Amino acid sequence: MASSEEDGAAEEKENNNKKRTKSALATAWLTFYNIAMTTGWLVLTLAMMRFYVEKGTHKGLYRSIARTLKFFQTFALVEVGHCAIGIVKTSVIVTGVQVCSRIFMVWFVTSSIRQIQNEESVILFLVVWTVTEITRYSYYTFNLLNHLPHFVKWARYNFFIVLYPLGVIGELLTIYAALPFVRRSGMYSMRLPNKYNVSFDYYYCLIIVMLSYIPLFPQLYFHMLRQRRKVLHGEVIVEKDD
Ligand SMILES: CCCCCCCCCCCCC[C@@H](O)CC(=O)SCCNC(=O)CCNC(=O)[C@H](O)C(C)(C)COP(=O)(O)OP(=O)(O)OC[C@H]1O[C@@H](n2cnc3c(N)ncnc32)[C@H](O)[C@@H]1OP(=O)(O)O
């Protein structure tokens with residue numbers, strides 16, 4: 001009897017040790033990841049500022065930072081993994097929509113269509129994304145290190161109120177500017193007849209993406225408003241499971 005109790009206690013201790021090791025590993029990885037991402041977005045900001053100061057124009061700016069942007073924005077896919085394996089308490093769907101829509105903007109719109117890269121709307125979403133991401137990743141880093149300056153917390157949960165709509169405007173205007181080029185070139189489209197007997201029109205796909213901002217963006221925005229109330233005003237929020 002005593003021996004089975006001892007066995008149970010030893011097993012519980014071992015389980016607790018495993019949990020602690022797992023959580024320490026997760027914290028170490030997240031700290032490394034957030035520092036890397038803060039640095040990446042800072043590098044992008046400096047590159048954009050340097051380009052503008054040296055050339056005195058935004059023309060050619062996107063082309064000059066495209067590789068770095070593609071790398072760091074694509075790397076953010078890891079965040080969907082963080083949610084899926086449970087090391088971050090965020091919805092996979094919310095994070096997935098946010099990350100995938102950005103990746104789509106970078107790879108399938110701005111980088112694919114050279115003619116729109118000099119649009120002012122591209123600079124608008126680039127500036128908005130960089131401010132957002134430097135604030136967001138530095139917030140997570142300081143939070144993990146238990147040294148969160150009040151200004152960073154305040155910025156994380158206030159800047160988005162203005163930046164989110166501005167980012168959406170920049171993205172939508174950029175897709176809108178892409179439409180005529182996509183229609184003319186027929187890029188990424190498949191017309192019938194073809195051997196797969198499938199038809200796909202990228203032009204209409206872009207229109208559907210633009211329309212999907214109408215139901216999806218408010219959900220992301222209200223999610224952030226709820227997070228804001230929770231973090232800045234200590235409100236307890238019951239989140240629905242995915
Ligand atoms: C394939 C084609 C798809 C086409 C789809 C088209 C539809 C598009 C509609 C969408 C439009 C999006 C437009 C967008 O791109 C525009 C912009 O981004 S503009 C710039 C302004 N943007 C923002 O401010 C972004 C705000 N969004 C986010 O912050 C995140 O993306 C979001 C997932 C929404 C954040 O939500 P989350 O729930 O993570 O909030 P919190 O930051 O409060 O975190 C919650 C808890 O998780 C911990 N956490 C999260 N991540 C980490 C991490 N990396 N490291 C450590 N900890 C992390 C965080 O600390 C919180 O924990 P706790 O509550 O315990 O403190």
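This report describes a predicted model of a chain with a ligand, covering confidence, annotated segments, the ligand shell and two helix pairs.

## Confidence of the model

The structure is a predicted model. Its chain has a mean pLDDT of 93, and 96% of the residues reach 70 or more. For the complex, the predictor gives an ipTM of 0.94 and a pTM of 0.91. Where pLDDT is low, the predicted coordinates should not be read in detail.

## Annotated transmembrane regions

The unreviewed UniProt entry places the feature "transmembrane region" at residues 26-48, 122-139, 159-182 and 202-222.

Two of these spans can be described from the coordinates. Residues 122-139 are 100% helix and 0% strand, with 26 Å between the end C-alpha atoms. Residues 159-182 are likewise 100% helix and 0% strand, and here the end C-alpha atoms are 34 Å apart.

## The shell around the ligand

The ligand is surrounded by 36 residues, of which Thr90, Gln98, Ser101, Phe160 and Gly167 come nearest. Two or more residues of this shell come from each of α1 (2-55), α4 (92-110), α5 (120-144), α7 (159-185) and α8 (202-233). The most are given by α8, which supplies nine residues.

By class, the shell around the ligand holds 20 nonpolar, eleven polar and five charged residues.

## Packing of α7 against α8

Two packed helices are described by the angle between their axes and the distance between the axes. For α7 and α8 the angle is about 175°, and the axes lie 10 Å apart. An angle over 145 degrees counts as roughly antiparallel, and α7 and α8 are therefore roughly antiparallel to each other.

On the α7 side, the contact is made by Phe160, Tyr164, Val168, Leu172, Ile175, Ala178, Leu179, Val182 and Arg183. The α8 side contributes Tyr202, Tyr203, Leu206, Val209, Met210, Tyr213, Phe217, Tyr221 and Met224. The residues of this contact of α7 with α8 comprise 17 nonpolar, no polar and one charged. Phe160 of α7 takes part in this contact and is also one of the residues that come nearest to the ligand.

## Packing of α3 against α4

Helix α3 (residues 78-85) and α4 have axes that come within 9 Å and cross at roughly 175°. That angle makes α3 roughly antiparallel to α4.

In this pair, Glu79, Val80, Cys83 and Ala84 of α3 meet Val92, Thr95, Gly96 and Val99 of α4. The contact of α3 with α4 divides into five nonpolar, two polar and one charged residues. Helix α4 is also among the elements that give two or more residues to the shell around the ligand.

Notes: Residues numbered from 1 in each chain as written. Predicted model: local features only at pLDDT ≥ 70, side-chain atom pairs only at ≥ 80, totals over all residues. UniProt positions renumbered as here; feature names shortened; annotations may be inferred. Helix = DSSP H or I, 4+ residues; strand = E, 2+ residues; numbered from the N terminus. Near = placed C-beta within 6 Å. Nonpolar A, V, L, I, M, F, W, Y, C, P; charged D, E, K, R; others polar. Axes fitted to C-alpha atoms, helices over the stretch in contact; angles between N-to-C directions. Parallel < 35°, antiparallel > 145°, perpendicular 65-115°, else oblique. Contact = placed C-beta atoms within 7 Å. pLDDT = per-residue confidence, 0-100.
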